[in-house]
Amino acid sequence: MTKEEFIRDVGSRIPPAHPDTEWHFREECIRGKFLLYDGKKNKCVCTNCGYEFDIAPGEYSRMHGLQDICPSCDTQAICLSAGRGRKCYEEQHRLLTFAADGKSLWVVSHDILVRFEDFARAQLYKYINEVFEINADEQRHWRYKDGWYSGSQFWEELKSLNVAPLPAAPYCMSKYTMHIFTEGIDEIISNSDCRYLAGEDLRRRMEWSSVVTWIAMQMKYPALELLRKGGFGRLARDRIDGFNYQGAVNIRGKSIEKSLRLPKKWVTALRKAGISEDINSTELRAFQKASEKDRKFIVENFEAWADLLHSYRAEGYIHIIEGVTTLEKYYKYMTGQSRKDAVLYADYIRNAKALGWDLRRKRILFPDDLVAAHDEAMELYEAQKNSLIDKQIREHAVDVDYKNNGLVILCAKSQGDLNKESEVLHHCVRTYGERVASGQALIYFVRKADEVMMPYYTLEIDPLTGVVVQCRGSHNCSMTPEVEAFRKGFEKHFQKMIKEGKTCQTA
Ligand SMILES: [Zn+2]
């Protein structure tokens, strides 16, 4: 609609904002307190109190950007030259105000440009850019569209109830600051259909991006109020934050039981168990689907149950758990543990199995302290795995007696060797353990003959072809000419050994 149509149909119905709005805005919102001076007219003005005074020629000439004190109101202010760099100092603000007409709550968003061009108190240029009308029957939203490129300006009615994002130029922060004017808010709200929202709850919600949506959603879906007041705060919040309930909550339900799609007995049980405030829609849906018997069980072991429900690999964990016990016994056990974490239990069971522990024994299946038992099993398993890998690495190792140009070669014999090499040279040979153990790769350490303990270069060779796959030094650096020559000689030597069958330990 055009500007004129908007003013006639909508604008004329908006009740005036609280009379203190402008005063409040000047007091609280204008950011800078400045002493603006004009070196030509030899005048200075305080933007805080509006006091204008004469200055001596040159008195402020070196004060630009520095602090001074207003002779009238004693405010500490920053001195700005009125003529320097820009025409005048200006700020941009966005302000939400509330008004009510007995039925509708009106929320109006203003763009306010603050300028000091007339060398007195700030001039405010106000433009309305958005209007919301909220009552029990409807929630409407209009936004001003300034198509500066096409020269068209008009008002558009939107379905969404979200406030407009701030205009931001690319590569720079928006210059706007946002404010919500809350003076007399409870009285204003009481004078509209939204009256039951007056009070504490609303004040906590005063966030620029969500307050309007919150009010509008409450009016659109009375079930949200039922949920909120009925102790299911998370469910009410999630809907307003834009989460979809996926059918878990009946948003048009006329009672809390109908909204939650649960009989009274279970609504009360969730509340009594202290679960209601935090339950989310995924949990609620699973709870609705559960049998009567399972529900009782879930209420008693909620945390452990919810953890498994939300686990990314839930199916895998359930498979592991059900391989050794029942889910019922698992939940009960986890409820008594400090960390109700399915990953922890599944890891523990995997390691315990690999170590050959007897999981039929209750002490092993359900250790008193899962965290401690988990860590112990993991350490033992790692040690066992490493000793197996070391054995295999030794089986595949091929000692080569090769020296050249002050360099010697040593074959890696254990995971520990690889770890140390990685640590000193900052490369990733430590991750090659399993490939070396399986005979897919051979790792050699190139060392200086007079510093034979000191890692220098690391070399990977293909045990079948004798080709050097890579040769890296500190931080993966490439070879010096000496090392390059050494590599060539070593490669030749190794390939000769293959031909002669001297490397046949490699499978
Ligand atoms: Zn002043």
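These legends describe close-up views of a predicted model.

**View 1. An open sheet of five strands, with mixed pairing.**
The strand order is 3-2-1-5-4. Strand 3 and strand 4 (67-69) stand at the edges. Each has a single partner strand, so one side of each is left without a neighbour in the sheet. From one strand to the next, the twist averages 35°. Strands of a sheet pair through backbone hydrogen bonds, either parallel or antiparallel.

**View 2. The hairpin of strand 1 and strand 2.**
Strand 1 covers residues 34-38 and strand 2 covers residues 43-46. They run antiparallel and are joined by four bridges. One bridge can be picked out by its residues: Tyr37 has Cys44, in strand 2, as its partner. Four residues lie between the two strands. Asn42 sits in this turn, with a positive phi of about 55°.

**View 3. The hairpin of strand 2 and strand 3.**
Strand 3 spans residues 52-54. Three bridges hold the place of strand 3 beside strand 2, and the two run antiparallel. Lys43 has Asp54, in strand 3, as its bridge partner. The turn between these strands has five residues. Gly50 lies in the turn and has a positive phi of about 85°.

**View 4. Strand 4, strand 5 and the loop between them.**
Strand 5 takes in residues 76-81. Its pairing with strand 4 is antiparallel, over three bridges. Ile69 stands opposite Gln76 of strand 5. Asp74 is in the loop between strand 4 and strand 5. Is Asp74 buried or exposed? Asp74 has 11 other C-beta atoms within 10 Å, so it is exposed. Its phi is positive, about 65°, although Asp74 is not a glycine. Most residues other than glycine have a negative phi, and most peptide bonds are trans.

**View 5. The surroundings of Ile78 in strand 5.**
Ile78 counts as partly exposed because it has 17 C-beta neighbours inside 10 Å. The cut-offs leave a middle range: 20 or more such neighbours would make a residue buried, and 12 or fewer exposed. Which residues does Ile78 touch, not counting those up to four places away in sequence? They are Gly32, Phe34, Gly65 and Gln67. His64 is 14 residues from Ile78 in sequence. Their C-alpha atoms are 7.9 Å apart in space.

**View 6. The largest nonpolar core, with 80 residues.**
Leu35, Leu36, Leu105, Trp106, Val107, Ile215 and Tyr345 have the most contacts inside this core. Where does the core lie? Domain 1 (3-166) and domain 2 (303-375) both give residues to it, so it lies between them. Trp106 is in contact with Ile14, Pro15, Phe98, Ala99, Ala100, Val131, Phe132 and Glu133, leaving aside neighbours within four places in sequence. Apart from this core lies another, of 24 residues, including Ile393, Ile409, Ile461 and Phe486. In soluble globular proteins, nonpolar side chains tend to be buried together.

**View 7. The crossing of helix 12 and helix 14.**
Helix 12 covers residues 302-310, and helix 14 covers residues 327-335. Their axes come within 8 Å. The axes cross at roughly 115°. The crossing is right-handed. Helix 12 brings Glu303, Ala304 and Trp305 to the meeting with helix 14. On the helix 14 side are Tyr331, Met334 and Thr335.

**View 8. An antiparallel open sheet of five strands, with helix 20 across it.**
The order is 12-13-14-15-16. Strand 12 and strand 16 (468-472) are the edge strands, and each pairs on one side only. Five bridges join strand 13 to strand 14 (residues 442-448), and the two run antiparallel. Cys411 has Tyr444, in strand 14, as its bridge partner. Helix 20 (residues 481-499) lies across strand 12, strand 13, strand 14, strand 15 (457-461) and strand 16. Helix 20 runs at about 150° to strand 16.

**View 9. Asn405, in the loop between strand 12 and strand 13.**
Strand 12 is 403-404, and strand 13 is 407-411. Asn405 counts as exposed because it has 11 C-beta neighbours inside 10 Å. Its phi is positive, about 55°, although Asn405 is not a glycine.

Conventions. Residues numbered from 1 in each chain as written. Predicted model: local features only at pLDDT ≥ 70, side-chain atom pairs only at ≥ 80, totals over all residues. Pairing = 2+ DSSP bridges. Axes fitted to C-alpha atoms, helices over the stretch in contact; angles between N-to-C directions. Contact = placed C-beta atoms within 7 Å. Core = buried A, V, L, I, M, F, W, Y, C linked by C-beta atoms within 7 Å. Domains from an automatic or database assignment. Left-handed = near helix turned anticlockwise from the far one by under 90°.
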